Every structure is written in structure tokens, then in C-alpha cells.
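Biologist: Please look closely at the helix packing in this model. Show me which residues make the contacts, and what surrounds them.

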Amino acid sequence: MSNIVVLGTQWGDEGKGKIVDLLSPAFDAVARYQGGHNAGHTVYRNGTKVVLHLIPSGILRPGTLCVIGNGVVLDPRAFLDELAALRKVVDFRDEQIVISRHTHLILPYHRLVERISEDTLGERKIGTTCRGIGPAYEDKAARRGIRAGDLLDLAVLEDKIRQNTAEKNALIVRAGLEPLDPRAVFEEFAGYAESLRRFIGDASRLLNAEIKAGRSVLFEGAQGTLLDMDHGTYPYVTSSSSTAGGACTGLGVGPTRIDAVLGVAKAYTTRVGAGPFPTELRDELGKAIGKKGDEFGATTGRARRCGWFDTVAMAYACRVNGIDRLVMTKPDVLDGLAEIPVCTGYLYKGSLLDEFPTEPWILEKVQPRLETRPGWKLPVHEIRDWEALPPAFLDYVKFLEDRVEARFAVVSTGVERRDTIFNDGRLGGLLDLAKIRAAV
Ligand code: IMP
């Protein structure tokens, strides 16, 4: 039984939701380790679109344990709304969902503080999802955060909310906004305490017990490697550890319990929000790819910026996460292009960089070196076997692999579960493919 991390290798939106949903029959538990409802994991079930923001994508499979780790920040209102929406499309039991008692909560003042911070930054703004994610992580690091476990004692909760709201009100009033009423905030959260109580538990203990009993866990990443707070294009990043190490700190599971990291990579690249993006296409072709790929944020609806596959960034992502197997998503969006450029190096001040520079002041000045591969004429969407993939497509795959030291073991050719091609040999027994195929 393997325990694996599935994460994004680019700037998020690689299609992790579909992959986690597809692989989940081979796992007893799916655990989210970071981020919050800034994430949007889109899954299609028999033609119906389901967007998950907080609840692990394993919820669409009967009986799968879904854990929200301490590394996540949770907005109780968003969680309860998502739960209610999910109940309309899926059958699940509340006992399937566990929220770590150490998970930090997003409070109404976090959204206000974020709006003030983004407005103050003006042109330098990050372009966040404005869900209060960053300020909630700031409070966590400042050791004044309110955690899910605090909902279990209303006196503790009231005291913390009164103190924190007073501090934030000073800032809110300075920005010319209406202060929050601490009593009203407490009453709102006392209501959430009642609804959330049954979900709160010891996530680390539970997951370690599962693993010890021989059951398998899929660790589900949100956002992407290049949005990681430490390893991403700082400061144009999210506020959590979206790379593989985050799975350990965000759930209380040791690295010795994790067998592999599967990286999800789109056949091209997208980015939403501000920040450098060397292969960005600022022309009609970029817009056409965005339209064909339905590249609009699952959370905010913003149009995603589109560009070519970047092997410099991908090699870096494979290194910081320890990835040796990749999943390619959305190559069908490139179907029919006569040729496909790929970035294989960066020119900076007249020299070729051999490493991905994360500093935005370098990255925004690099010139991508593009090498062109022939496109494939046959649409990949209808193909079910690796051997049947067009030679030009396999050439594209090999060209990327030769530059990133990792191999593509799965190709997703459409939104439905059946639109997936596994390379059994390359997976080498990592996944229980019989279980996955039986559940497609
Ligand atoms: P925040 O996570 O809301 O603080 O936003 C920080 C940056 O991460 C912004 O550029 C967002 O657009 C980006 N971001 C956050 N969540 C996602 C996601 O799920 N997909 C893609 N980009 C995201």
C-alpha cells in the first residue's frame, strides 16, 4: 500500500481535482495539508461540474476518509456552504470528514484586513483571491490565531475573538471602514462551533493510525509549487507550503510514511493573479488557448494568463518536491496546433541561466529560449492507450522529460474520469490500477 502526495508543479490550476478524484479508489483517506477556500478543485461527475474548495476531492467516493489538516486555514461559513452544496450531489456521511483541532480559522476581520492590504499595495498588489487566507496565516505565525479546537470552549473563543477584533478594528477604522462588533463576531462563531463540533478531531493521530494499520493515504496539495511561500515566486505567492514538505508539517505525518510524490503538470502553463510569468502569451493565441482550455479561475472566475510549457520551472518543481513521476493534463487543448514552442532556458543579461530564479526582479526580465516541437494532428481526446498516442505527441512528452529528470506516467485527455491514459510500466506498481480502473 502506498501513501502518496499529489500536488501542482506550476502556478496552480493544473487539474489536481480530477486526478485526486480519479486515484482515490486506491486510497482509504485523502488529506488536504495547506491552503483554504482560495483553492478550487474542479471535478466532473457524469457531466456534472462539482467545484471543491476546502473538502478533499476524495469525498466523491463512498467511504473515503477526508481529512482537513492543521496546515489548512478554514473559513467555517465556506466549509458549511460547501458541505450543503455537496449533499445535493453526493451521498456521504459526516463521519467521513475530520478537521484537525489545530486548523486555523478565517475570521471576518481577515477578509477586511486583506482588502486594505491589497488596496494599500496599489500597483504592487499580489492579486490574491481576497478570501482572508494570507491574514489568517499571518495571525498563525504571530501566535494569535484562533484554531478549530478553540471552538470547543466558548469562553476561550469569546476571549480570543474580543481581543483579536479590537486589535484589527484599530486598523480597519484607520482605513476608513466600519469597525466589526466583537459580540456579533462571537455569536456568529458560537453558531459555527455548534455545527463544526462533530467534525473536529486529532488528524495526525488518526492518519498515523490508518497508515500503521496498512491503509493508504493520498495527500492532496492545493495551489502549486511556484505559489509556495518559500519556494515560489515570492512575494507573488500564497501564504502556505504547497510543496511536498507541507504534507508532513500540515498534517503531522513524518516523511518516512510517504512513498512518492506525483506532480501534476498542465501541457502548457497558466497563472492567475499578479507576478512574473516568463512564457506568458500576451496575444490572440494566448487568449484562444485560455478559451479552449476554459482557463477561468474556479474560485474567483478571473481569466488565467496562458503560456507555453516551461521546462526550467518544471525541472525546479521536480527538484524541490522530489518528483520522479508526472501526470500531464489538458494536452487536448493543444490538439491541432502546427507547432508547439517549449521554454528550455532563460536568457538573463546576456547569459543562459541554468536554474529557475524565484526572485521576481530577475524572473520578470528573463527572455525565454523557446524551442519548437511539431504538433499532433490526431486529437488525443478519444485515445485510451499509451501506444495509440500520436508519435508527435510522444515526441513532445519525451522532449519535456529529457529536460526535467522525471517521466510522465499518466496523461489526462479530458475532464471525465475515463479520459485518462495510464502507463502501467512507468507507474511501477505505485498505484492500485485495478481498483482505479474498476471505479472509472
Ligand atoms: P491567496 O492565496 O488568496 O493569498 O493569493 C495569492 C496568490 O495565489 C494569487 O496570485 C492568487 O491568484 C494565487 N492563488 C491562490 N489560490 C490559487 C489556486 O487555487 N489556483 C491558482 N492560483 C491561486
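Modeller: Helix H3 passes helix H4 in a right-handed crossing (the near helix is turned clockwise from the far one by less than a right angle; anticlockwise is left-handed). This is a predicted model, in which local features need pLDDT of at least 70 and side-chain atom pairs pLDDT 80 or more, while totals for chains, interfaces and linings use all residues. Numbering starts from 1 along each chain as its sequence is written, and side-chain values use heavy atoms, without hydrogens or water.

H3 covers residues 108–121 and H4 covers 133–141. Both are DSSP runs numbered from the N terminus (helices: H or I, at least four residues; strands: E, at least two). Their axes are 7 Å apart, at an angle of about 110° (lines fitted to C-alpha atoms, for helices over the stretch in contact; N-to-C directions, 0 to 180 degrees). H3 and H4 are therefore roughly perpendicular (65 to 115 degrees; under 35 is roughly parallel, over 145 roughly antiparallel, the rest oblique). H3 brings Tyr109, His110, Val113 and Glu114 into contact (heavy atoms within 4.5 Å). H4 answers with Ile133, Pro135, Ala136 and Asp139. By class, this contact of H3 with H4 has five nonpolar, one polar and two charged residues (nonpolar: Ala, Val, Leu, Ile, Met, Phe, Trp, Tyr, Cys, Pro; charged: Asp, Glu, Lys, Arg; polar: the others, Gly among them).

Which loop holds Leu180? The one between H5 and H6. The C-alpha atoms of Leu180 and Pro108 are 8.4 Å apart, across 72 residues of chain. Setting aside neighbours within four places in sequence, Leu180 touches Pro108, Tyr109 and Leu112. Thr165, Asn169, Ile172 and Val185 are also in contact with Leu180.

Now H5 against H6. The axes of H5 (residues 154–174) and H6 come within 9 Å and cross at roughly 145°. This crossing is right-handed. On the H5 side, the residues are Leu154, Leu157, Glu158, Ile161, Arg162 and Thr165. On the H6 side, they are Pro182, Arg183, Val185, Phe186, Phe189, Ala190 and Ala193. The contact of H5 with H6 has nine nonpolar, one polar and three charged residues.

H6 also meets H2. The axes of H2 and H6 come within 10 Å, crossing at roughly 45°. That makes H2 oblique to H6. The H2–H6 crossing is left-handed. Pro76, Arg77, Phe79 and Leu80 of H2 meet Phe189, Tyr192, Ser195 and Leu196 of H6. Six of the residues in the contact of H2 with H6 are nonpolar, one is polar and one is charged.

Next, the rings. The model holds seven aromatic pairs (ring centres of Phe, Tyr and Trp, its six-membered ring, within 6.5 Å; planes under 30 degrees apart are stacked, over 60 edge-to-face, the rest tilted). Phe79 and Phe199 form an edge-to-face pair, 5.3 Å centre to centre, with 80° between the planes. The two partners are 120 residues apart and link distant parts of the chain. Phe79 sits in H2 (76–87), Phe199 in the loop between H6 (182–196) and S9.

S9 leads to the sheet. The sheet is open and has 10 strands, in the order S9-S7-S5-S2-S10-S1-S11-S15-S19-S20, with mixed pairing (strands pair at two or more DSSP bridges). S9 (200–201) and S20 (420–422) stand at the edges with a single partner strand each, so one side of each has no neighbour in the sheet. S19 (407–412) and S20 run antiparallel, joined by three bridges. In S20, Phe422 is the bridge partner of Val410. Helix H1 (16–23) packs on this sheet, at about 160° to the direction of S1 (4–8). H1 touches several strands, including S1, S2 (29–32), S10 (217–220), S19 and S20.

Two loop details remain. The peptide bond from Tyr234 to Pro235 is cis, with omega near 10°. Pro235 lies in the loop between S10 and helix H8 (245–249). Asp294 is not a glycine, yet has a positive phi of about 50°. Asp294 belongs to the loop between helix H9 (284–292) and strand S13 (305–307).
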